[in-house]
There are 4 protein chains.
Amino acid sequence: MSLPAEFYDAAKRVNNWGRWGEADEIGTLNLITDTVVRDAVSTVRTGRRVPLAVPLQQEGIQTGMIPGRVNPLHTMVAINVEMFGPDTIAISDDAVTMGLQAGTHWDGLAHISHGGKIYNGRPASSVTAHGGAACHGIEKMRHVVSRGVLLDVARAHGVERLATGYAVGPEDLDAAEELAGVTVRSGDIVLVRTGQIQAYLAGDRQAYGHPSPGLSFRTPEWFRARDVAAVANDTLTFEIIPPEIDGLWLPVHALDLVEMGMPQGQNWNLEELSQACAEEGRYAFLLSATPEPFTGGAGSPVAPVAIL
Amino acid sequence: MSLPAEFYDAAKRVNNWGRWGEADEIGTLNLITDTVVRDAVSTVRTGRRVPLAVPLQQEGIQTGMIPGRVNPLHTMVAINVEMFGPDTIAISDDAVTMGLQAGTHWDGLAHISHGGKIYNGRPASSVTAHGGAACHGIEKMRHVVSRGVLLDVARAHGVERLATGYAVGPEDLDAAEELAGVTVRSGDIVLVRTGQIQAYLAGDRQAYGHPSPGLSFRTPEWFRARDVAAVANDTLTFEIIPPEIDGLWLPVHALDLVEMGMPQGQNWNLEELSQACAEEGRYAFLLSATPEPFTGGAGSPVAPVAIL
Amino acid sequence: MSLPAEFYDAAKRVNNWGRWGEADEIGTLNLITDTVVRDAVSTVRTGRRVPLAVPLQQEGIQTGMIPGRVNPLHTMVAINVEMFGPDTIAISDDAVTMGLQAGTHWDGLAHISHGGKIYNGRPASSVTAHGGAACHGIEKMRHVVSRGVLLDVARAHGVERLATGYAVGPEDLDAAEELAGVTVRSGDIVLVRTGQIQAYLAGDRQAYGHPSPGLSFRTPEWFRARDVAAVANDTLTFEIIPPEIDGLWLPVHALDLVEMGMPQGQNWNLEELSQACAEEGRYAFLLSATPEPFTGGAGSPVAPVAIL
Amino acid sequence: MSLPAEFYDAAKRVNNWGRWGEADEIGTLNLITDTVVRDAVSTVRTGRRVPLAVPLQQEGIQTGMIPGRVNPLHTMVAINVEMFGPDTIAISDDAVTMGLQAGTHWDGLAHISHGGKIYNGRPASSVTAHGGAACHGIEKMRHVVSRGVLLDVARAHGVERLATGYAVGPEDLDAAEELAGVTVRSGDIVLVRTGQIQAYLAGDRQAYGHPSPGLSFRTPEWFRARDVAAVANDTLTFEIIPPEIDGLWLPVHALDLVEMGMPQGQNWNLEELSQACAEEGRYAFLLSATPEPFTGGAGSPVAPVAIL
């Protein structure tokens, strides 16, 4: 019990351990029922599709600040190889080495631990070098398709991009919900736009990373109250960094992933979506964002698409 | 002109070069219009979701037969690391090295060349070690969401799995279309089930790979006639291997990717989908299958989901 | 104390913990003094050099039996790139992904633990995903140059290659020493030839790997008695496999690396050296075999050269 | 013939094509004869060993300036895994992804081309994504052991470190040779110390990289006149950068590697060696610096050791 008392207080309020049984490995994704999906599908009006991933490339988001989270090294292992003799049909093949959290990604439920525990009270020691996450691996998130709601906090503030020190709180989510004209409900995937990714898009990776606006320590309860299935945003760190409570680093990660069992998405490019939603005057859509099924993965790149 | 004459005859009949302009880099994906997507969305009845990817793991599909196409090496670069001091919130991160075509994947349009050309007449030499595919990189396929149609050839034949030497021809596609009760139309993504992946699921990678049933040299014209947007199946090689015409290897790849500009999917697990479609008596659904946006990628892993 | 009693008996006899101080991280490599090196140098007669590494390539030694120990994936990241404009001087660069123990390699002292301990009584938990081996990393073996002695057990037996079930014991080492006409002494690096690598050189990786002849559980004491600095051989597993004592796997590894603090080399190609030594009638030479200094490495590829 | 005339003039003077036959793949390494090695061995007096490689780690030399030349990503694929049951002997294994030229390395003869040719007139197109360098692969440099001579240019100048814009010319090599009291001769491996690597050792990778002192365009002829086998130094770029002749980038690379067929070493840490040579008053020693035998490699990490 070495973290500040207010952390444990919040943890108690958002905790979902046991809610879907002791064997559960997908947490709040359980909230995406067939009914939720049918309702999500019914939001589609125009068929317009907006991709939300940043390109995977060596000049990617990572600056080396986070050890091991390497930008993609994309290499060709065959270039126009005529495997079957001269002047036959030729093949080009490629390979990649990358941090699974390097680009646009989902944090899986095994990504964070505290007090020796991961979500649902499983031991943190179940994550090993030899197989990765034995519990809550990213491959357990077999399909992530639901209603997406864009909470465009930057737009609600009337700015292009929130200030770097800005902690997005419940009141900001309320205001963005009001702008959206949508009530966030059970099973929704909420996309919170800060505009911070503009720094990366403009070529400044350092400025993008930190300091950064991000979600406040007070937001997990907001998400828990609405029974949101997952939350993603357009920052490197997801939560405000440096943190709001001195010395308490990554509390939102711990509350969302460990206590609530709710996947987090980072480095999502919400700029085009913000434009599209504003144009159409609609902020709810069908969102398809299934991670790659890395067995034992603590995270995964994802290529999310919003269908309006 | 060193390939058999019948190849060039077929090539002429399916060729789409210039159809969407000289600058086009996505070929038949152009056929997925907003209208197609709206219609695709309208196929959803129950909200049931079926994932189609095989797990990404070191005990994956590849046997070493295809040089450089390595199974995923998933490694942890941090395990419960308390980056901010003892008894703080801890992080687990991971990284991967893999062939982009190692698991369930899309072949991008730059994957195949013949006669020094890739799709739309671009030079094959535009694929380099330094940047990969300068034209038609997989990142150009920004969103792949459309109506999916399962053509369950194995089921239409009344077998669990087609014989290894079986070339799936237009007549098989017709029969499966009839079983499906659906007419394949412009913009559809067709999933052709042979049942071959059962070998892999049963643990026999060698038997899965080759010899294998697969699509016949005569099928590209069938897809071209219906203006299909993309085709995927449940084999390693997509097309029948060894090939139907002695010495003419990979003709279907060349017709689909180079001439038609139509992406191909391989190693898709269609077993659960086959069961679901049979249960529901419906073979059309919303399919979401966007590749990861590797800049210059000749291919990409994909985690497709069918929404019924 | 869960291993057989005879293991702990042997462990006690070969243990070197504390011998070079509590802070020691290189074990028996301490035995290679300047004097030993001068004597090693004095063995050189002809200047003939014999390399002992197998090529590093995707068609390498590993079969997939040992998870994560992947053969090298060598890729070009630039091929004749004219970085400074057309018709300028062009660059080709490459990259690799590989298991550090995949080819000809040294096992570092952190490679093996038992009872929660590594060499010198350090905690096994000092090896982490985040930094590798904090103690006894392979980079601590800053230079490995000493007298090498080939103990050509296969030749002493009058065979090309020992039988797969053959455990090389002290009596075999004695016989090979006699054949060599050399007395193994403090600081020597001993190369034990079984001939097993002929299977790999002939293209049969499966046969090479296991079952395999290898060093007996009784050999660590022989090496300890002579104060050998390191031992390498021409097998995948170093020691006889399956093991001599039912259920006691890798006892030689544990005795050599954990108890004695003596590095082990595996997959060394000793065929050309065997020929050279026989031709010259000399089995002692200068050996240069410094590992690549991977910070925190549990092992490293090495390109050893014998100088006769 | 698109490079400046003075380049072609110099090229003519240093060219070694055909000197060791049309089939030759190792260039000036042919100059290291058995006699040279014996003489090299005879330089050893004390047995003192000095390693010359920088650690291989993620916080390595590369800054991202050179695409694809990634610092080592070292990962554990097993940490104290008890493969044979609880409380048995446990294994830790590791893997790496890295640019082969990322740390202390040799440039192989296929690393550079101009006018479509590599050393010995072979076509540059012999370097492919599918196999790397078919000619002059780094694995052809089977053993690199010879006399090393430290030309300590910084010390000869009486400075810790040469100015960043300083081009080391023949006159500097002469002065350092004089300081060394050694005449460089056929088969020697020359190590040229600028002191530039101090920037990296002090933690400033940017300052280390460029601008940088380095070898002048006028030095290849000096090396050719003495029939040196190889040259290495303590800079990222080997040669002075930006270059001496406006617009003529990498001329020293092209003269050394393509024309002369002489391997180059970069990022060698010569600081400890400089100290040792000064202390002992001897600048010639036995040098062992065999690259890892990557099949088709354009370069390779190396862990060189000087034996004094």
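Me: Contact here means heavy atoms within 4.5 Å. How many residues does the contact take from chain C and from chain D?

Reply: This is a predicted model, and in it the contact takes 83 residues from chain C and 83 residues from chain D. Put together, the two chains bury about 6,800 Å², with 60% of it on carbon and sulfur atoms. On the side of chain C, Arg49(C), Ile89(C) and Glu292(C) lose the most area to chain D, together 11% of what that side buries.

Me: What makes Arg142(C) and Glu272(D) a salt bridge?

Reply: The cut-off is a side-chain nitrogen of Lys or Arg within 4 Å of a carboxyl oxygen of Asp or Glu. The closest N and O atoms of Arg142(C) and Glu272(D) are 2.8 Å apart, so the pair falls within 4 Å and earns the name. The rule finds 6 salt bridges across the interface of chain C and chain D. Strand β3 (residues 90–99) of chain C gives the largest share of the side of chain C that touches chain D, 10 residues.

Me: How do you know how chain C and chain D are related, and what rotation superposes them?

Reply: A rotation of 180° with 0.0 Å of shift along its axis lays chain C on chain D, with an RMSD of 0.0 Å. In chain C, Thr97(C) has the C-alpha nearest the axis, 2.1 Å from it. Both copies use the same surface, since 100% of the contact residues of chain C recur in chain D.

Me: And why can chain A and chain B be called copies related as by a two-fold rotation axis?

Reply: Superposing chain A on chain B takes a rotation of 180° with 0.0 Å of shift along its axis (RMSD 0.0 Å). The two copies are therefore related as by a two-fold rotation axis. They also meet through the same surface, because 100% of the interface residues of chain A are interface residues in chain B too.

Me: Which residues of helix α1 of chain C are buried, and how do you know that they share a side?

Reply: In α1 (residues 5–14) of chain C, the buried residues are Phe7(C), Tyr8(C), Ala10(C), Ala11(C) and Val14(C). They span an arc of only 160° around the axis, so they sit on the same side of α1(C). The face turned away from that buried side carries the exposed residues Ala5(C) and Lys12(C). As for partners, the buried residues pack against α7 (219–226) and α8 (251–260) of chain C.

Me: Why is Arg193(B) called buried or exposed?

Reply: The limit for buried is under 20% relative accessible area. Arg193(B) has 5%, so it counts as buried. Glu271(B), at 19%, also falls under 20% and is therefore buried. Their side chains meet in a salt bridge (3.0 Å, N to O). This pair links distant parts of the chain: Glu271(B) is in helix α9 (residues 271–280) of chain B and Arg193(B) in strand β10 (residues 189–193) of chain B, 78 residues apart.

Me: What makes Arg48(C) partly exposed?

Reply: Its relative accessibility is 25%. Buried is under 20% and exposed over 50%, so Arg48(C) lands in between and counts as partly exposed. The side chain of Arg48(C) meets that of Glu279(C) in a salt bridge (3.0 Å, N to O).

Definitions and conventions: Residues are numbered from 1 along each chain as its sequence is written. Chains are lettered from A and ligands numbered from 1 in the order in which they are written. This is a predicted model: local features need pLDDT of at least 70, side-chain atom pairs count only at pLDDT 80 or more; totals for chains, interfaces and linings use all residues. Side-chain values use heavy atoms; hydrogens and water are left out. Buried means under 20% relative accessible area, exposed over 50%, partly exposed in between (1.4 Å probe, protein chains only). Helices (H or I, at least four residues) and strands (E, at least two) are DSSP runs, numbered from the N terminus. The arc is that of the directions from the helix axis to the C-beta atoms. Copies are superposed by least squares on the C-alpha atoms of residues with pLDDT of at least 70 in both. Buried area is the accessible area (1.4 Å probe) that two parts lose on being put together, summed over both.
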